[in-house]
Amino acid sequence: MSSASDHDQSIGFNEPRIVTKKVLAKPQHEGDGAVVRRGIGCHELRFLDPFLMLDDFSVSAPAGFPDHPHRGFETVTYMLQGGITHQDFAGHKGTIHTGDVQWMTAGRGIIHSEMPAGEGVQNGLQLWINLSSQDKMIEPRYQELLSEDIKYAEKDGVEVRILAGESMGVRSPVYTRTPTMYLDFTLKPKTQMHQSIPESWNAFVYIIEGEGAFGVKNTSVVAAHHVLVLSSGDGLSIWNKSSSKTLRFVLVAGQPINEPIVQHGPFVMNTKEEIDQTIQDYHYNRNGFEMGKYWNSK
């Protein structure tokens, strides 16, 4: 990934990525009284293979995301503020707090709830990552990292938390079944960063706070709550031109699966027949949903 020399050069890439599409994630209601800003999975940006959805969610008790199923993909929940308690029908239960991440592979089936774990607004990002047809029916699994266990690096006013993949020579221990990079960058005023990205992967940026120039230094800056879809290439350059404000964003990239996507709410398969089968399996508590028969979250 980025070497020290890359970091100091204005551009260290053979084919720098630029922004090809800009989508403002607007607030909408979701779950039971929660508000989400949906940047991927909305009308302007249905999918970005392998990514199915990106929600910037805000939820205060008693609102939340009560019992609901998933099949065929992974959810990555990254808390920006507060906490979320999740519990599933296999007896898995836990709370993630500010800076923690939960990587949940739903595989053949999970029914779970995600509810706020405290007073006030709980805010985080949830990303849905598709699974290839050969992985859609695997057994569910979880990887949870507490904030202090997430690898990070810093240099020249740039700090990065490495949820998946690699940056500044530091690598995350998270195993991603669909190869994925997930980096949380904070750039102090008047700093810049150059990050390598595997050339064949699709990539996007979501701006959490502040504003920055992405891809080309003299381009106009983009403000918070925008998703920026990037062109192909081997890396991205970012500039925080502000003299007073911090820029924070996530850079996410993944290897495209290049398979048909048929989505029905929380089920994502390859064909309509598989979706019909999934609806039946869920309805009759079978093929991965057996434990749903007698389960309700507490």
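This passage looks at one sheet and the salt bridges of a predicted model.

Start with the sheet, which is open and made of seven strands in the order E1-E22-E19-E24-E17-E14-E13, paired antiparallel. The edges go to E1 (19-24) and E13 (151-155); each has a single partner strand, so one side of each has no neighbour in the sheet. On average, neighbouring strands here are turned by 20° against each other, direction ignored. At the E1 edge, five bridges join E1 to the antiparallel strand E22 (residues 226-230), and Lys21 sits opposite Val229 in E22.

Then there are the salt bridges, 11 by count. One of them pairs Glu44 with Lys26 at 3.4 Å, N to O. Glu44 is in the loop between E3 (34-40) and E4 (51-59), while Lys26 is in the loop between E1 and E2 (27-30), so this contact ties together parts 18 residues apart in sequence. Glu44 is partly exposed, at 37% relative accessibility, and Lys26 is partly exposed as well, at 47%.

Asp281 and Arg71 also form a salt bridge, at 3.0 Å, N to O. This pair links distant parts of the chain, 210 residues apart: Asp281 belongs to helix H2 (residues 272-283), and Arg71 to the loop between E5 (65-70) and E6 (73-81). Both Asp281 and Arg71 are buried.

Helix H2 also holds the pair Lys272 and Asp276, whose side chains meet at 3.1 Å, N to O. These two are four residues apart in the helix, which means a separation of about one helical turn. Lys272 is exposed at 52% relative accessible area, whereas Asp276, at 35%, is partly exposed. Finally, Glu30, Arg38 and Asp55 are linked in a salt-bridge network.

Technical notes. Residues numbered from 1 in each chain as written. Predicted model: local features only at pLDDT ≥ 70, side-chain atom pairs only at ≥ 80, totals over all residues. Heavy atoms only, no water. Pairing = 2+ DSSP bridges. Axes fitted to C-alpha atoms, helices over the stretch in contact; angles between N-to-C directions. Salt bridge = Lys/Arg side-chain N within 4 Å of Asp/Glu carboxyl O. Buried < 20%, exposed > 50% of the residue type's maximum accessible area, 1.4 Å probe, protein only.
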